[in-house]
Amino acid sequence: MAPISFTINGKAVDVTAAPETPLLWVVREHLQLTGTKYGCGAGMCGACTVHVEGRAVRSCQTPVSTVANKQVKTIEGLSEKGDHPLQKAWVDLQVPQCGYCQSGQLMQAAALLASNKNPSRDEIVRHMDGNICRCGTYPRIVRAIEQAAKQGI
C-alpha cells in the first residue's frame with residue numbers, strides 16, 4: 001500500500017489504503033468525514049454521492065486509486081456554513097424526513113446545477129434518477145432544486 005494523494009474539500013491529503021478501497025470508506029474512516037453515507041454498497045441508491053473533478057460519482061464504487069491527484073468534494077465541502085442555495089432550499093421546503101439520503105441528493109443536485117444553471121423539471125427528474133429517497137420526498141427535492149436554480153447558483 002502506497003500513499004494516495006488527492007484534494008478533498010480544498011485540502012490536500014495523503015491516504016495510505018489499498019488502491020481498490022472504495023473512496024467512501026477512505027472518506028468516512030480515514031478522513032472522518034461522515035456526511036457521505038453508506039446506502040447499498042452497489043452504486044444504486046446514491047447515498048454515497050460525492051464529486052470528483054466536479055462530476056457526481058458513487059463513492060462506494062469508486063476505487064480510491066482513481067482519485068489520485070484529483071479534486072474530491074463531499075457534502076462537508078459544499079458550503080462551510082451550510083448556506084449553499086441548495087441547502088437553504090432544502091431547509092425552506094422541509095425536504096428531509098429521515099435525512100439519510102440527503103447528502104447524496106444534495107451532491108447530485110449540485111452537480112446538475114453546476115452544469116445546467118436553469119434545468120427544466122424533466123431535466124431535474126432525469127438527473128436525480130437513481131438517487132433513492134426511502135421517505136419519498138421526491139416532489140420536495142425537485143421543488144428545492146428549482147428554487148435554488150432560480151436563485152442563480
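**Exercise 1. Which way do Thr49, His51, Val50 and Val52 point from strand 3, and are they buried or exposed?**

*Solution.* Start with the general pattern: in a regular strand the side chains alternate between the two faces of the sheet. Now look at strand 3: Thr49 and His51 point one way, while Val50 and Val52 point the other way. All of them are buried, where buried means under 20% relative accessible area, exposed means over 50%, and partly exposed is in between (1.4 Å probe, protein chains only). Strands here are DSSP runs of E with at least two residues, helices are runs of H or I with at least four, and both are numbered from the N terminus.

A quick word on the model: it is a predicted one, where local features need pLDDT of at least 70, side-chain atom pairs count only at pLDDT 80 or more, and totals for chains, interfaces and linings use all residues. Residues are numbered from 1 along each chain as its sequence is written, and side-chain values use heavy atoms, with hydrogens and water left out.

**Exercise 2. Work out which strands pair with strand 3, and in which sense.**

*Solution.* Two strands pair if DSSP finds at least two bridges between them.

- Step 1: strand 3 (residues 49-52) and strand 4 (residues 55-58) run antiparallel, joined by 4 bridges.
- Step 2: find the partners. His51 has Ala56 as its bridge partner in strand 4, and Val52 stands opposite Arg55.
- Step 3: turn to strand 5. It pairs with strand 3 over 2 bridges, again in the antiparallel sense, and here Val52 stands opposite Val72.

**Exercise 3. Which residue in the turn between strand 3 and strand 4 has a positive phi?**

*Solution.* First, the two strands form a hairpin with 2 residues between them. Next, recall that most residues other than glycine have a negative phi. Glu53 goes against that habit: its phi is positive, about 55 degrees, although it isn't a glycine.

For a second case, go to the loop between helix 2 and helix 3, where you'll find Gln94. Gln94 isn't a glycine either, yet its phi is positive, about 50 degrees. Gln94 is also exposed, because its relative accessible area is 57%.

**Exercise 4. What does the side chain of His51 reach?**

*Solution.* Begin with where it sits: His51 lies in strand 3 and has a relative accessible area of 7%, so it counts as buried. Then follow the side chain: it reaches the backbone oxygen of Met107 at 2.6 Å. That is a polar contact, meaning a pair of N or O atoms within 3.5 Å; within protein, one must be able to donate a hydrogen and the other to accept it, and residues adjacent in sequence count only if both atoms are side-chain atoms.

Finally, list its contacts (heavy atoms within 4.5 Å). Leaving aside neighbours within four places in sequence, His51 touches Ala56, Gln71, Val72, Lys73, Met107, Ala110 and Ala111.

**Exercise 5. Where does Cys60 lie, and what is it in contact with?**

*Solution.* Cys60 is in the loop between strand 4 and strand 5 (71-73). It's buried, because its relative accessible area is 10%. Beyond neighbours within four places in sequence, its contacts are Pro22, Leu24, Gly41, Ala42, Gly43 and Cys48.

**Exercise 6. Which residues touch the most other members of the largest nonpolar core?**

*Solution.* A nonpolar core is a set of buried Ala, Val, Leu, Ile, Met, Phe, Trp, Tyr and Cys residues joined through side-chain atoms within 4.5 Å. This one has 22 residues, and Leu86, Trp90, Ile141 and Ile145 touch the most other members. Helix 2 (85-92), helix 3 (102-115), helix 4 (121-128) and helix 5 (138-150) each give two or more residues to this core. Apart from it lies another core, of 16 residues, including Ile8 and Leu33.

**Exercise 7. Show how the buried residues of helix 5 are arranged around its axis.**

*Solution.*

- Step 1: name them. They are Ile141, Val142, Ala144, Ile145, Ala148 and Ala149.
- Step 2: look down the axis. These residues fall within an arc of 160 degrees, so they line one face of helix 5. The arc is that of the directions from the helix axis to the C-beta atoms.
- Step 3: see what that face meets. The buried residues pack against helix 2, helix 3 and helix 4.
- Step 4: zoom in on Ile141. Leaving aside neighbours within four places in sequence, it is in contact with Trp90, Val95, Gln105, Met128 and Cys133.
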